[in-house]
Amino acid sequence: MPLSRRQREILGEMGIPVWVRRDAPPVSLDPVADASAERPAPVDVRDVAALGWEDLRARVAVCVACAELASQRTQTVFGVGDPAADWLFIGEAPGAEEDRRGEPFVGPAGQLLDNMLTALALQRGTNVHIANILKCRPPGNRDPKPEEAEACRGFLDRQIALIRPRVIVALGRVAAQSLLGSSEPLGRLRGREHAYQGTPLVVTYHPAYLLRSPGEKAKAWQDLLRARSLVAGA
Ligand code: URA
């Protein structure tokens, strides 16, 4: 498929050379969960396993399993996109802008993610779903704690079961380690075959890291191409 001008521009910005023929055409938790508990109670998967999208979203919106996060959030950030997407991107947790707007990846890192999608001829909402390990913003954007990730996992698992994506792209170390139950560094997790509950999983850099280290964008592009071949069933 020929690349659009915008796709070529984005690939150029990512440091990926693009050769174009001169004549080419343009291209439940229970809302009353014990808020004083030190360790958040994980979502009971049996409790959410039968929920459809609306009920799941409503359950997330009132979850207070992680009392510290729930008490400081503006709102939960459920996830966004095509409910039957082939592609599921999973980041770590909402930041300030996401907490304010209730949608994942809407800050600067999200703009880069959108550009990466454009480079793949994809767009947010069409065949793409975006979610996070956590539904609530950790204070000061600290890393999610393992017990918080565990507490939230039942919700994410239900989302994955409803979406049934062809590939999961784990964005960054926190998402990758959490989904894979690994403590290996991102550099060792990238470029390998993984699966999460039977769905192929590709590990790549977090867009926020790529903003700080644009020299790594070419490697991220290789990861995305691998994800694309998984979606295509190659
Ligand atoms: N970083 C993430 O990991 N997720 C978001 O939603 C925003 C920034």
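**Ligand site and pockets of the predicted model**

In this predicted model, an oxygen atom of the ligand lies 2.9 Å from a backbone N or O atom of F105. Two further pairs of atoms involve side chains. For N132, an N or O atom of the side chain is 2.8 Å from a nitrogen atom of the ligand. For H206, a side-chain N or O atom is 2.8 Å from an oxygen atom of the ligand. The ligand on its own would expose 230 Å², and 91% of this area is buried by the protein.

The surroundings of the ligand were examined next. F105, N132 and H206 belong to the group of residues around the ligand, which also includes G91, E92, A93, E98 and P104. When this shell is divided by class, 3 residues are nonpolar, 3 are polar and 2 are charged. The two charged residues of the shell are E92 and E98.

The position of the ligand was then related to the open spaces of the protein. Empty space can be found by rolling a probe the size of a water molecule over the atoms. The ligand occupies the largest pocket, whose volume is about 610 Å³. A total of 29 residues line the largest pocket, and those nearest its centre are E92, A109, H206, A208 and R212. Two or more lining residues are given by each of helix 5 (96-101), helix 6 (108-119), helix 8 (173-180) and helix 10 (207-212). Helix 10 makes the largest contribution to the lining of the largest pocket, with 4 residues. By class, the lining of the largest pocket comprises 16 nonpolar, 6 polar and 7 charged residues.

A further pocket was also characterised. The second largest pocket has a volume of about 260 Å³. Its lining consists of 13 residues, among which K145, P146, A149, Q177 and S178 are the closest to its centre. At least two residues of the lining of the second largest pocket come from helix 7 (146-163), and at least two come from helix 8. The greatest contribution to this lining is that of helix 7, which supplies 5 residues. Helix 8 is thus an element that contributes to the lining of the largest pocket and also to that of the second largest pocket. In the lining of the second largest pocket, 4 residues are nonpolar, 2 are polar and 7 are charged.

Conventions: Residues numbered from 1 in each chain as written. Predicted model: local features only at pLDDT ≥ 70, side-chain atom pairs only at ≥ 80, totals over all residues. Heavy atoms only, no water. Near = heavy atom within 4 Å. Polar contact = N/O pair within 3.5 Å; in protein donor to acceptor, adjacent residues only side chain to side chain. Areas by Shrake-Rupley, 256 points an atom, 1.4 Å probe, with all protein chains shown as cover. 1 Å grid on protein atoms, 1.4 Å probe; cavity = no way out; pocket = protein on both sides within 12 Å on 5 of 7 lines; lining within 4 Å. Sits in = over half its atoms within 2 Å of the grid points. Points joined across faces, edges and corners; volume = space filled by probe spheres on them.
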